[in-house]
Amino acid sequence: MKVRCALLGTCSAIAILATSAVHAEDGYDAPADWPSPVEEHLMWGVLVDRFEYVVPDKGDEALVWDFTAWYGGDINRVYLKGEGENIQGDGESAEFESLDLLYSRLIADFWELQGGGGYQGGIGTNDHPQRYFGVISLLGLAPFMFEVDASLRVSDDGDVSADVEAEYDLRLTQRLYLQPRMEVAVAASEVEEFGVGKGLNSVNVGLRLGYEITRKFAPYIGAFWEKQYGDTANLARVRGDATEDTGVVAGVRLMF
């Protein structure tokens, strides 16, 4: 009897839902002032993917950051993305490798096409060379959940360059994760003041082990290998810099 009553109750609930669905389609149950179910709701977020201290075997120690901030809905957003470093012990100021302000549009499931302007140079100083870019980026999830950020840049002097970053969070436990990461940079022309040569510039591969104390705060340690190639390597040799290096990092990932 209890089983039968349960089945009857379930069938009654299904019937009520089906009737409600029919009335909703006819417009009976939805008040006129209700918003559209596909209306965008504006939100914001900040992810500091890397805020770390880098200790290389051959180069100078540095404080490195990589952040993304966004505002908007599911379809349209505005992004502020920045990567930079402050080399320790040389008296130099901090420098942005890139600081981009981009409009973003969802073009497919998990993929956004972005466009806007960018900057490379010192922060509040003229100690470093400076240049500005037009930027087009593709941001999204590749198969097997790899996070990909690919950018094409054209500078105010007409120099063309591109870079691709890919990373993956491999969950070891609910809180412990391992993050392999790779960056590849190429350029179509030589820009000596920025140490950029024509062709393949550099490859950087890293591995970070993090622990999420909370979902918004995760300290980590890691290691990396990087190598410069072709004309970029030649420019590094002229400056007396190493063209290949390894090292360790310690930092924290933050979300707001």
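Strands, as named in these legends, are DSSP runs of E with at least two residues, numbered from the N terminus.

**Figure 1. Overview of the predicted model.** The structure shown is a predicted model. Its secondary structure comes to 2 helices and 13 strands. The chain has 256 residues, of which 33% count as buried. Among contacts with a separation of 6 or more, 46% are between residues 24 or more positions apart. About 15,300 Å² of the chain is exposed, and carbon and sulfur atoms supply 63% of this area.

**Figure 2. The loop residue phenylalanine 110 and its contacts.** Phenylalanine 110 sits in the loop between E4 and strand E5 (111–122). Its phi is near 70°, a positive value in a residue other than glycine. Phenylalanine 110 counts as exposed because its relative accessibility is 59%, and the cut-off for exposed is over 50%. Apart from neighbours within four places in sequence, phenylalanine 110 contacts Leu139, Gly140 and Leu141. The C-alpha atoms of phenylalanine 110 and glycine 140 are 5.3 Å from each other, although 30 residues separate the two along the chain.

**Figure 3. Methionine 145, in the loop between E6 and E7.** The phi angle of methionine 145 is near 65°, a positive value in a residue other than glycine. With a relative accessible area of 53%, methionine 145 is exposed.

**Figure 4. Aspartate 66 and its salt bridges to arginine 50 and arginine 181.** Side chains of opposite charge can pair when their charged atoms come close. In the bridge between aspartate 66 and arginine 50, the closest N and O atoms are 3.5 Å apart. Aspartate 66 belongs to strand E2 (residues 62–72) and arginine 50 to strand E1 (residues 43–56), so this bridge ties together parts of the chain 16 residues apart in sequence. Both aspartate 66 and arginine 50 are buried. The salt bridge of aspartate 66 with arginine 181 has an N to O distance of 3.0 Å. This pair links distant parts of the chain, with aspartate 66 in strand E2 and arginine 181 in strand E10 (residues 176–187), 115 residues apart. Arginine 181 is buried, as is aspartate 66.

**Figure 5. The salt bridge between glutamate 212 and arginine 171.** The closest N and O atoms of this pair are 2.9 Å apart. Glutamate 212 lies in the loop between strand E11 (199–211) and strand E12 (217–228), while arginine 171 lies in strand E9 (residues 170–171), so the bridge ties together parts 41 residues apart in sequence. Glutamate 212 counts as buried, at 5% relative accessibility. Arginine 171 is partly exposed, with a relative accessible area of 40%.

**Figure 6. A network of salt bridges that share partners.** The residues joined into this one network are Arg50, Glu52, Asp66, Glu83, Glu165, Glu167, Arg181, Glu183 and Arg208. A search of the whole structure finds 19 salt bridges.

**Figure 7. Serine 98 in strand E4 (residues 95–108).** Serine 98 counts as buried because its relative accessibility is 10%, and buried means under 20%. With neighbours within four places in sequence left aside, serine 98 is in contact with Lys81, Gly82, Glu83, Tyr119 and Arg153. Of these contacts, Glu83 is also one of the residues in the salt-bridge network of Figure 6.

**Figure 8. A nonpolar surface patch of about 560 Å².** The patch is made by Ile107, Leu113, Ile136, Leu138, Leu152, Val154 and Val160. Strand E6 (131–142) and E7 each supply at least two of its residues. One of the patch residues, Leu138, is found in strand E6. Leucine 138 is partly exposed, with a relative accessible area of 34%.

**Figure 9. A negative surface patch.** Asp156, Asp157, Glu190, Glu192, Glu193 and Asp231 form this patch. Aspartate 156, one of its members, is found in the loop between strand E7 (146–155) and strand E8 (160–167).

Terms used: Residues numbered from 1 in each chain as written. Predicted model: local features only at pLDDT ≥ 70, side-chain atom pairs only at ≥ 80, totals over all residues. Heavy atoms only, no water. Salt bridge = Lys/Arg side-chain N within 4 Å of Asp/Glu carboxyl O. Helix = DSSP H or I, 4+ residues; strand = E, 2+ residues; numbered from the N terminus. Buried < 20%, exposed > 50% of the residue type's maximum accessible area, 1.4 Å probe, protein only. Patch = residues over 30% accessible without salt bridge, like charges linked within 9 Å, V, L, I, M, F, W, Y side chains within 5 Å. Areas by Shrake-Rupley, 256 points an atom, 1.4 Å probe, with all protein chains shown as cover. Lys, Arg positive; Asp, Glu negative; His and termini not counted. Charge placed at Lys NZ, Arg CZ, Asp CG, Glu CD. Contact = heavy atoms within 4.5 Å.
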